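Dear colleague,

I am handing over the structure below, and I would be glad if you could look through it with the notes that follow. They begin with the cavities and then move on to the strands and the aromatic side chains.

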Amino acid sequence: ISACLVGSEMCIRDRVKMVPKIVVNYPQADSYLGEKIGTTEVDDAAKLAANLSEKILSDYTNGLARRDAHPKAHGCVSAQFKMNDKLAPELQAGIFQPGAKYDAIVRFSNGSPNASGDDGNGDTRGMAIKILGVEGEKLFLDPGYPNAVDLIQISAPYFFVNDSSGYTEFFRIANKGVSFSLLKIPFILGWDGTINAAKMMSQKISNPLDVEYFSVTPYQHGLGESRKAIKFSSSPCKVTSKKETKVQSSPNFLRHAMQDRLQVQNSCFDFKIQTRPDASFEVEDVVKEWDAKKAPFVSVAKIIIPKQLFDTAALNEACEGMTYNPWHTLAEHKPLGTINRMRRVVYQTISTLRSEMNSKH
């Protein structure tokens, strides 16, 4: 690993050779819920993991190795994930039980790969929830939090690509950053994907606590023949007035806006589930969002973020060391679809790589 820290080509080649070992246990498709693994998907997942590993090794030859996605955190905050006292039987599965309460750690972030970017720039934002104290066997164990279930969300209800080859090729080109190569991206993403990407990258916000977040990708809900496909979202309990919204051009103003708010008052999100009504709502298509008129979001829980001081050196360091992975979950909440299956390989690869690199510092 010492060679990795200086970004040697030999280390990168060795790291790439290790990736196929991870895809041996590639997630199986659930045909009952409409999953279908593409002909090149497993190879594409390995290529993407290798490409992102190369980028991490190249970008962080000296110092702390950060995530490949959403590397800039606005902060990790302590929260409580509280289920509604009454839940319809069809909404009850896994962690979703009437009156259940869990402690949680919520990480808010920018989507840009630039960990030192200006918060005033347009960008997709992230809200990752680590629900603590969940007993039971996990699909993929978080070593630091073995009893945790992670819920991953971004500030858009749609994604920009569906197929594995496009997903892999997009990041290969984007990571190069060569202007000529970047011109290929619209051809890779297609018209709808390009529009989605443009909208996702143009979002400007004044406070991460005032944004609505979406899972985008679908998840299993329940076990056996009664299992369903769902998506979920988190929306602020209180609508912020226009007077309170002001986007600033400052590197870290979103962190400061969160801290200023949480120093004087609690914050709250309404957590909702969207249940797929029929197979026409495809689990493999994340470019097209599910029609909320036909499949409405239903409130199942509240995320209460109490007043707190989170912006300290110790807490920020702990936040940076945490890993969030949609596969840190129970079988009842198995991630579905191409993007989620590829995440299983990519997240594990990058998490392991970062841990090895950072252990040397």
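Around the second largest cavity the lining is made up of Asn 162, Thr 217, Val 283, Glu 284, Val 286, Leu 336, Gly 337, Thr 338, Ile 339 and Asn 340, and, sorted by class, these residues comprise four nonpolar, five polar and one charged. Its volume comes to about 40 Å³. Please keep in mind, here and throughout, that this is a predicted model.

In total the structure holds two cavities of 30 Å³ or more, and the largest cavity contains about 70 Å³ of space. The residues that line the largest cavity are Ile 95, Phe 96, Asp 150, Leu 151, Tyr 219, Gln 220, His 221, Ile 230, Phe 232, Pro 326, Thr 329 and His 333. Three elements each give two or more residues to this lining, namely strand E4 (149–154), strand E6 (219–221) and strand E7 (228–236), and the largest share, three residues, comes from E6. By class, the lining of the largest cavity divides into seven nonpolar, four polar and one charged residues.

Which aromatic residues form one cluster? The cluster consists of Phe 81, Phe 96, Tyr 219, Phe 232 and Phe 271, and among its members Phe 96, Tyr 219 and Phe 232 also appear in the lining of the largest cavity.

A search of the whole structure finds 14 aromatic pairs. One of them is formed by Phe 108 and Tyr 213, whose rings are tilted, with 6.0 Å from centre to centre and 55 degrees between the planes. This pair links distant parts of the chain, since Phe 108 belongs to strand E2 and Tyr 213 to strand E5 (residues 213–214), 105 residues apart. Both Phe 108 and Tyr 213 are buried. Tyr 219 and Phe 232 form another tilted pair, at 5.2 Å centre to centre and with 40 degrees between the planes. Because Tyr 219 lies in strand E6 and Phe 232 in strand E7, this pair ties together parts that are 13 residues apart in sequence. Tyr 219, at 4% relative accessibility, counts as buried, and Phe 232, at 3% relative accessibility, likewise counts as buried.

Strand E1 (residues 73–83) is mostly covered, with eight of its eleven residues buried. E1 runs antiparallel to strand E2 (residues 101–110), to which nine bridges join it, and within this pairing Gly 75 stands opposite Phe 108 in E2. E1 is also joined to strand E9 (residues 297–305) by four bridges, and these two strands too run antiparallel. On that side, Lys 82 has Lys 302 in E9 as its bridge partner.

Is Arg 255, in view of its 14% relative accessibility, buried or exposed? Arg 255 counts as buried, because its relative accessibility of 14% is under the 20% cut-off. This residue lies in helix H7 (residues 253–264). Leaving aside residues up to four places away in sequence, Arg 255 touches Ala 73, His 74, Gly 75, Asp 119, Phe 310, Asp 311 and Asn 316. Of these contacts, Gly 75 is the residue already mentioned as standing opposite Phe 108 in E2.

With kind regards

How values were computed
Residues numbered from 1 in each chain as written. Predicted model: local features only at pLDDT ≥ 70, side-chain atom pairs only at ≥ 80, totals over all residues. Heavy atoms only, no water. 1 Å grid on protein atoms, 1.4 Å probe; cavity = no way out; pocket = protein on both sides within 12 Å on 5 of 7 lines; lining within 4 Å. Points joined across faces, edges and corners; volume = space filled by probe spheres on them. Nonpolar A, V, L, I, M, F, W, Y, C, P; charged D, E, K, R; others polar. Buried < 20%, exposed > 50% of the residue type's maximum accessible area, 1.4 Å probe, protein only. Contact = heavy atoms within 4.5 Å. Pairing = 2+ DSSP bridges. Phe/Tyr/Trp six-rings, centres within 6.5 Å; stacked < 30°, edge-to-face > 60°.
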